[in-house]
Amino acid sequence: MNPDVAADLKELSATLESIEAVTDLPRLRAEIADLEDQAGQPDLWNDTEVAQQVTSRLAYATGDVRRLEELRRRLDDMPLLYELALDEKDEGALAEAETERTKLRAEIEALEVRTLLSGEYDQREALVTIRSGQGGIDAADFAEMLMRMYLRWAEQHGYGVDVYDTSYAEEAGIRSATFAVHTPYAYGTLSVEQGTHRLVRISPFDNQGRRQTSFAAVEVTPVVETSDHVEIDEKDLRVDVYRSSGPGGQGVNTTDSAVRLTHLPTGIVVSCQNERSQIQNKAAAMMVLQAKLLVRRKEEERALMDSLKDTGDASFGNQMRSYVLHPYQMVKDLRTNYEVNNPSAVLDGGIDGFIEAGIRWRRNEATATD
């Protein structure tokens, strides 16, 4: 076998070993056995919420173990694949081995990034809110482009999504949208996408074909769980109901089922018009409100600790990524300097490289300040 190939396989094996150690396979297998025991109890579904948590965690933990075992098996088979290809002088088989090694490296590196997600809420599902900023119609259009980008990313990975609210702009695009991404570690993964995104292009809405810069904000919060204890007093809420609307103000149903909640002490406003009934929409809006209040509480606690430590503002600033469509083609992250010269692919959901670079950057920043 080529010495460079052998060294690469040895490096991949060492990386996978570190992932297996961090994942703690013996502990995970013991957890699976316990969850299987809970799932087999006849009274499990007496509490639907607990049952869903048990079955969801069981499916996820089982998937983790299978993924690691499959990667280890494929990696252990690699030397034999190369040996057979070289012995038979089969160029096709050698090309297949090279392709498999490339795939393995990508999958192992992606899994390695996941091991860096160790924050308090990183394992949670995510709530994503996108708002148009400065730039008029172009900003509203850009906000809708970003929403499509994240929905396409989730679709490509097989993650479930629920869109809770979409506020359409009058001429094109959206003013705002809120949706949930249902997969473990969605919050830890997508939290590096939070900040201000900037688009530079020839405006399709400008009759003179001038270049336009527009902005949209992305906010990512963890989905709350019952253990979070974010109490909301009903007297602190203003509840408004209204008729759901689609693009251009078109009514999408004939009843006042959409719900807007205003949390009076903080001024936080959330709304939901996705569900069919007012009760369902209020429940979904309450979940979004609790998530935002949870994040605010943690930010206040963090600000207090920062002031006690006198470390100053550790924020990297809001503007974090530029999407340039004219006069050249490039998407660049301003924190990590990771860039791609194919904006169309990025806006079609190809953001894994940016996410992985962001997670590594965040870990390095945290390590540097410790």
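Me: Buried means under 20% relative accessible area. What percentage of the 370 residues in the chain do buried residues make up?

Reply: The model is a predicted one. Its chain holds nine helices and eleven strands, and its C-alpha trace spans about 70 × 65 × 50 Å along the principal axes. Of the 370 residues, the buried share is 40%.

Me: Among contacts between residues at least 6 apart in sequence, what percentage join residues at least 24 apart?

Reply: A contact here requires heavy atoms within 4.5 Å. Taking the contacts in the chain between residues at least 6 apart in sequence, the part that joins residues at least 24 apart is 64%.

Me: How much of the area that the chain exposes do carbon and sulfur atoms supply?

Reply: The exposed area of the chain comes to about 20100 Å². Charged side chains are also counted for this chain: 41 are positive and 65 negative, with the centres of the two sets 5 Å apart. Of the exposed area, carbon and sulfur atoms supply 48%.

Me: Which geometry do the rings of F142 and Y323 adopt, stacked or edge-to-face?

Reply: The whole structure contains three aromatic pairs. In the pair of F142 and Y323, the ring centres are 5.5 Å apart and the planes stand at 70 degrees. Planes over 60 degrees apart meet the criterion for edge-to-face, and therefore the F142–Y323 pair is edge-to-face.

Me: How many residues apart in sequence are the parts that F142 and Y323 tie together?

Reply: Both F142 and Y323 are buried. F142 belongs to helix α5 (residues 136-157) and Y323 to strand β9 (residues 319-324). The pair therefore ties together parts whose separation in sequence is 181 residues.

Me: What is the centre-to-centre distance in the aromatic pair of Y338 and F354?

Reply: Y338 and F354 form an edge-to-face pair, with 80 degrees between the planes. Y338 lies in the loop between β10 (330-333) and β11 (339-340), and F354 in helix α9 (residues 352-369), 16 residues apart. Centre to centre, the Y338 and F354 rings are separated by 4.9 Å.

Me: Which of the two residues, Y338 or F354, is buried?

Reply: The limit for a buried residue is under 20% relative accessible area. Y338 has 32% relative accessibility and so counts as partly exposed. At 1% relative accessibility, the buried residue is F354.

Me: Over the ring of which residue does the charged end of R114 sit?

Reply: The ring in question belongs to a residue in the loop between β3 (174-182) and α6 (186-190). That residue has a phi near 70 degrees, a positive value although it is not glycine, and it is buried at 13% relative accessible area. The charged end of R114 is 4.4 Å from the centre of this ring, that of Y185.

Me: How far from the centre of the Y242 ring is the charged end of R260?

Reply: R260 places its charged end over the ring of Y242. From the centre of that ring, the charged end is at 4.4 Å.

Me: Is D24 buried or partly exposed?

Reply: D24 occupies the loop between α1 (3-23) and α2 (25-39). Its phi is near 60 degrees, a positive value in a residue other than glycine. Buried residues fall under 20% relative accessible area; D24 has 31% and is therefore partly exposed.

Me: Which residue does a cis peptide bond join to H326?

Reply: The cis bond has an omega of about 10 degrees. The partner of H326 lies in the loop between β9 and β10. That partner is P327.

Me: Which residues does A61 contact, leaving aside its neighbours within four places in sequence?

Reply: A61 is part of helix α3 (residues 48-87). With a relative accessible area of 0%, A61 is buried. Beyond its sequence neighbours within four places, A61 is in contact with L28 and I32.

Me: In which strand is C272 found?

Reply: C272 has 0% relative accessibility and so counts as buried. Leaving aside neighbours within four places in sequence, its contacts include Y164, D165 and A258. T102, 170 residues away in sequence, is 44 Å from C272, C-alpha to C-alpha. The strand that contains C272, residues 268-272, is β8.

Terms used
Residues are numbered from 1 along each chain as its sequence is written. Side-chain values use heavy atoms; hydrogens and water are left out. Rings of Phe, Tyr and Trp (its six-membered ring) pair if their centres lie within 6.5 Å; planes under 30 degrees apart count as stacked, over 60 as edge-to-face and the rest as tilted. Helices (H or I, at least four residues) and strands (E, at least two) are DSSP runs, numbered from the N terminus. Buried means under 20% relative accessible area, exposed over 50%, partly exposed in between (1.4 Å probe, protein chains only). A charge sits over a ring if NZ of Lys or CZ of Arg is within 6 Å of the ring centre and within 35 degrees of the ring normal. Accessible areas come from the Shrake-Rupley method with a 1.4 Å probe; for residues, only the protein chains shown count as cover. Lys and Arg count as positive and Asp and Glu as negative; His and the chain ends are not counted. The place of a charge is taken as NZ of Lys, CZ of Arg, CG of Asp or CD of Glu.
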